[in-house]
There are 2 protein chains.
Amino acid sequence: MKLETVDIRQAASAADIVYESLRKAIIEGELAEGENLRQDQIASMFNTSRIPVREALSRLEQNGLITTERYKGAVVAGLSIEEIEEIFEFRALVEAEVIRLAVPKMNARTLDIARRHCEEFGGEPNSAKWGEINRNFHYSLYEAARRPYYLQIVRVSLDRIDRYLRAQLTLTDGMNRAWREHQGILDACIGGDADRAAELTRDHILGAGRALIVFLEETRAHGD
Amino acid sequence: MKLETVDIRQAASAADIVYESLRKAIIEGELAEGENLRQDQIASMFNTSRIPVREALSRLEQNGLITTERYKGAVVAGLSIEEIEEIFEFRALVEAEVIRLAVPKMNARTLDIARRHCEEFGGEPNSAKWGEINRNFHYSLYEAARRPYYLQIVRVSLDRIDRYLRAQLTLTDGMNRAWREHQGILDACIGGDADRAAELTRDHILGAGRALIVFLEETRAHGD
DNA sequence: CATAGAAAAGTCGGATCCAATATACAATCT
DNA sequence: AGATTGTATATTGGATCCGACTTTTCTATG
């Protein structure tokens, strides 16, 4: 007898679940910058003890999403203008290289998936979904590079600024511009022009970063 | 009355201490690849309970130094040839950029410190100290870039391959070559030639990576 | 003697309990 | 009244205990 076996031990630990939930809540902006995270409170939300919560918080701190102070607790991390600039500069460097490495390895299927994500992006005015769609588009192209180490770092970098990006894109009219630039990047990939795809990706990220900085300097100057 | 004030809050938790100790032991190769890490064994070593140990292990896993499996425990992570290649490629990209950004900001003091680290490197045949000296040299130059985010990522990347690097450099004669290349990089920095410093750094890292791969393919092929 | 199955030991993840520290607030003194 | 000190509460970090799962060992049986 042959059975379709399923690995029942997906056994995501409680800590995994808490970690993923909090990560999602932070990058989507549900938990505001500076907000306190009480271990007890989180534990009761998830019907668990504080132990897995502490492990989750420890991981979040490693990834820069929260800061903790001994005997004081955890707060959602905010980023200074300088830190945001640095992260965008870094992303521009790394993601441009990733897509340069990816283009020669792309096949029709990759490009087709990316094209669908790109179109999806155009017709979607919902900001909550925007972040996911944006990620899907970029990652669908990056995957072809077969560079898991790069991608993991890109993911962590993006996590830290996703929240700000979304705010800026929905409040200003950055989404149309982002869409056009995505189309340009996709065209370069289809044409097999790795250098051009890299250059456009770099400009796309740096441009978004500059727009975000301008936006933040305005809002932060006028007190929220 | 004036007192010499001392911060009595020894800000290091037990988990911090365990984490740093294990990290050091792993990157210095004292804990061999594949070695099992038992929680209560480590706990008794540090005269503590398993709780801080678990937190330390969780952080080590986030940084890729160990892998854990539910109910089975943690083992020191090994890297495949492909993973090592990818990390070197990544380091070459990022560290070249960091030094390019750093050169225009270097002052006499920075260069003097770097020069001393470089000389120290030449006269030191002890492999245990080599890793530290190598790091000091590179970081003393990188610091000038004032890019904490880049540097943190460089640090984590280096942690993962430090062990292999050291093995290769002591068993083959890579140290003299590394020393010469360090001198070249330092000269470019002194001359204020950012592009040249970046190019040399890139070559330095990629060259070390290639040498390491050759070394590993030999040793791994012939069983240990 | 080999092997399947049961029992025992070892290990990990999570719950609960205790200690250390911080914060808020009331009491006291000038 | 204002500042300072003591106290009560809240919160975190660590220890111990318990249940789940894996691995190993032992035993019984063909």
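This report looks at how two protein chains meet each other and a DNA strand.

## Before you start

What you have here is a predicted model, where local features need pLDDT of at least 70, side-chain atom pairs count only at pLDDT 80 or more, and totals for chains, interfaces and linings use all residues. Residues are numbered from 1 along each chain as its sequence is written, chains are lettered from A and ligands numbered from 1 in the order in which they are written, and side-chain values use heavy atoms, with hydrogens and water left out.

## Where chain A meets chain B

Let's begin with the two protein chains. On one side, 27 residues of chain A are in contact with 30 residues of chain B, contact being heavy atoms within 4.5 Å. Together the two chains bury about 2600 Å², with 56% of it on carbon and sulfur atoms. Buried area here is the accessible area (1.4 Å probe) that two parts lose on being put together, summed over both. In chain A, the residues that lose the most area to chain B are Gln62(A), Glu86(A) and Tyr149(A), together 27% of what that side buries.

What about charges and polar atoms? The count between the chains is two salt bridges, each a side-chain nitrogen of Lys or Arg within 4 Å of a carboxyl oxygen of Asp or Glu. Arg147(A) and Glu89(B) form a salt bridge at 2.7 Å, N to O. Across this interface there are also 14 residue pairs in polar contact, both at pLDDT 80 or more. A polar contact is a pair of N or O atoms within 3.5 Å; within protein, one must be able to donate a hydrogen and the other to accept it, and residues adjacent in sequence count only if both atoms are side-chain atoms.

By class, the side of chain A that touches chain B has twelve nonpolar, six polar and nine charged residues. Nonpolar covers Ala, Val, Leu, Ile, Met, Phe, Trp, Tyr, Cys and Pro, charged covers Asp, Glu, Lys and Arg, and the others, Gly among them, are polar.

## Around DNA strand C

Now for the DNA. DNA strand C is surrounded by 19 residues, and the closest are Ala14(A), Thr48(A), Ser49(A), Lys72(A) and Arg54(B). Of the strand's atoms within 4 Å of the protein, 66% belong to sugar or phosphate and the rest to bases.

Which part of DNA strand C lies 2.6 Å from a polar side-chain atom of Arg54(B)? That would be a base nitrogen. For Ser49(A), a polar side-chain atom lies 2.5 Å from a phosphate oxygen of the strand, and for Gln39(B) a phosphate oxygen is 2.9 Å away from such an atom.

How values were computed: A residue is near a molecule or strand if one of its heavy atoms lies within 4 Å of it.
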